[in-house]
Amino acid sequence: RFTTPAAPDHAEFVAAWLAAGYHGEMGYLQKRADLRGGRLDDPRLLAGARSVVVVALSYGLPAPARPSGATGVIARYARGDDYHAVLWEKLNRLGEEISRIVPGSRSRGFTDSGPIRERELARRAGLGWQGKHTNLISLDLGNFFFLGALLTTAELTPDPPFDTLHCGRCVRCIDACPTGAIVAPMALDARRCVSYLTIEWKGPIPVELRAPMGDRIFGCDDCLAVCPWNGRAREGREARFAARDVARAFPDLGDLLELLADEAGFRERFAGTPLLRPGRAGLRRNVCVALGNVGGAEHLTGLERAGRTDPSETVREHAAWAIARIESRAG
């Protein structure tokens, strides 16, 4: 869908959200707030931009069957190739096609990679509405999809905005959040969000939030999965977003704990995927928490080794916490 490069809406809401500290340690959101809240024809983005093409690409693909045993859960968006690379490739091709149709036009693509408020642009372009979980919901795609924005100097007729909400009195997403991170409809405290804690946050996970995290080791789909609009969503068609194997959706926690002892092994195993983002120590920390919640006596040896030898103090502390949890369950 198409929209204009005018400044996004809801500037006051975003300012209040930042002032409340709900962004946690994601300082880049505040650092570039002027760009995020300003016009998109800013020379730092794309001088002379006249239009924005907003795209949605589904990752709503069938999931493999979960194996038995102590396995972790990886969010659906991260089970395939890194979405940044896939979206950038498609946006670049789209920009090339626009320049063929409108000679001399220039374009620049963004997908969760710059100071662009894609969700607000998507609503304004008519792709959907912002649900109570803060994510965009589409009548056609549900809410398992990525957004991208292509700024272009070509003049394109804007589509009408999506000005209606279709959540009604439903609060399934708010009720489903395991850590109570959705503090009000369309207001998320990232500091409590499992996705933030397992991916963006590099320090120790607050003790009171570890048990509610359960077996989630990278991201969380709970608020998205319960949305009733997924029931009528078209299935995604981009095969690169599908899990390459069951371990990319539900990895064995004991095996993953050992793999993450080695930096080279971590980088080789997860090259070209979103799971590189938290780093080796961050992902191993998450595995320790999951083992503390669902692991058994057979995992104690690996956790004890991690608690003694891992170079990260954070990992060592989380391994000790997991050991204490498992031992307490054993009586």
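**Salt bridges, rings and a cavity**

With a relative accessibility of 36%, E97 counts as partly exposed, because that value falls between the 20% limit for buried residues and the 50% limit for exposed ones. This is a predicted model, and the account that follows should be read with that in mind. The side chain of E97 meets that of R100 in a salt bridge, with 2.7 Å from N to O. Both residues belong to helix α5, which spans residues 83-101, and they stand three residues apart, about one turn of the helix. An α-helix has 3.6 residues a turn, so residues three or four places apart point the same way. R100, for its part, counts as exposed at 56% relative accessibility, so this pair joins a partly exposed residue to an exposed one.

A search of the whole structure finds 22 salt bridges. Side chains of opposite charge can pair when their charged atoms come close. One of these bridges is formed by R123 and D9, whose side chains meet at 2.6 Å, N to O. Here the partners come from distant parts of the chain, 114 residues apart, with R123 in helix α6 and D9 in the loop between β1 (2-3) and α1 (11-19). R123 is buried, at a relative accessible area of 15%, whereas D9, with 32% relative accessibility, counts as partly exposed.

A further bridge is made by the side chains of E258 and R305, at 3.2 Å from N to O. This pair also links distant parts of the chain, since E258 is in helix α11 (residues 253-259) and R305 is in helix α14 (residues 300-309), 47 residues apart. Both ends are partly exposed, E258 with 33% relative accessibility and R305 with a relative accessible area of 34%. Beyond such single pairs, salt bridges that share partners join E89, K90, R93, E238 and R240 into one network.

The helix that holds R123 deserves a closer look. Helix α6 covers residues 118-125, and it is mostly covered, seven of its eight residues being buried. The buried residues are E118, E120, L121, A122, R123, R124 and A125, a list in which the bridging arginine R123 appears. Just after α6, G126 takes a positive phi of about 95°.

Positive phi values also occur at residues that are not glycine. D112, found in the loop between β4 (107-110) and α6, has a positive phi of about 55°. T134 has a phi near 85°, again a positive value in a residue other than glycine, and lies in the loop between β5 (129-130) and β6 (136-137). Is T134 buried or exposed? T134 counts as buried because its relative accessible area is 9%, under the 20% limit.

Turning from charges to rings, the whole structure holds 10 aromatic pairs. In the pair of F266 and F270, the ring centres are 5.8 Å apart and the planes meet at 55°, so the pair is tilted. These two phenylalanines are four residues apart in helix α12 (residues 263-270), separated by about one helical turn, and both are buried. Elsewhere, Y59, Y77, Y83, F144, F146, F218 and F241 form one aromatic cluster.

Arginine side chains also meet rings. R76 lies over the face of F144, at 4.0 Å from the ring centre, and F144 is itself one of the members of the aromatic cluster. The charged end of R79 sits over the ring of F250, 5.0 Å from its centre.

Both of these arginines reappear around an internal space. Rolling a probe the size of a water molecule over the atoms shows where empty space is left. The structure holds one cavity of 30 Å³ or more, and the largest cavity has a volume of about 60 Å³. Which residues line the largest cavity? Its lining consists of Y59, L61, P62, A63, P64, R76, R79, F241, A242 and A243. By character, the lining of the largest cavity divides into eight nonpolar residues, no polar ones and two charged ones. Y59 and F241, which belong to the aromatic cluster, are among the lining residues, as are R76 and R79, the arginines placed over F144 and F250.

Terms used:
Residues numbered from 1 in each chain as written. Predicted model: local features only at pLDDT ≥ 70, side-chain atom pairs only at ≥ 80, totals over all residues. Heavy atoms only, no water. Buried < 20%, exposed > 50% of the residue type's maximum accessible area, 1.4 Å probe, protein only. Salt bridge = Lys/Arg side-chain N within 4 Å of Asp/Glu carboxyl O. Phe/Tyr/Trp six-rings, centres within 6.5 Å; stacked < 30°, edge-to-face > 60°. Lys NZ or Arg CZ within 6 Å of the ring centre and 35° of its normal. 1 Å grid on protein atoms, 1.4 Å probe; cavity = no way out; pocket = protein on both sides within 12 Å on 5 of 7 lines; lining within 4 Å. Points joined across faces, edges and corners; volume = space filled by probe spheres on them. Nonpolar A, V, L, I, M, F, W, Y, C, P; charged D, E, K, R; others polar.
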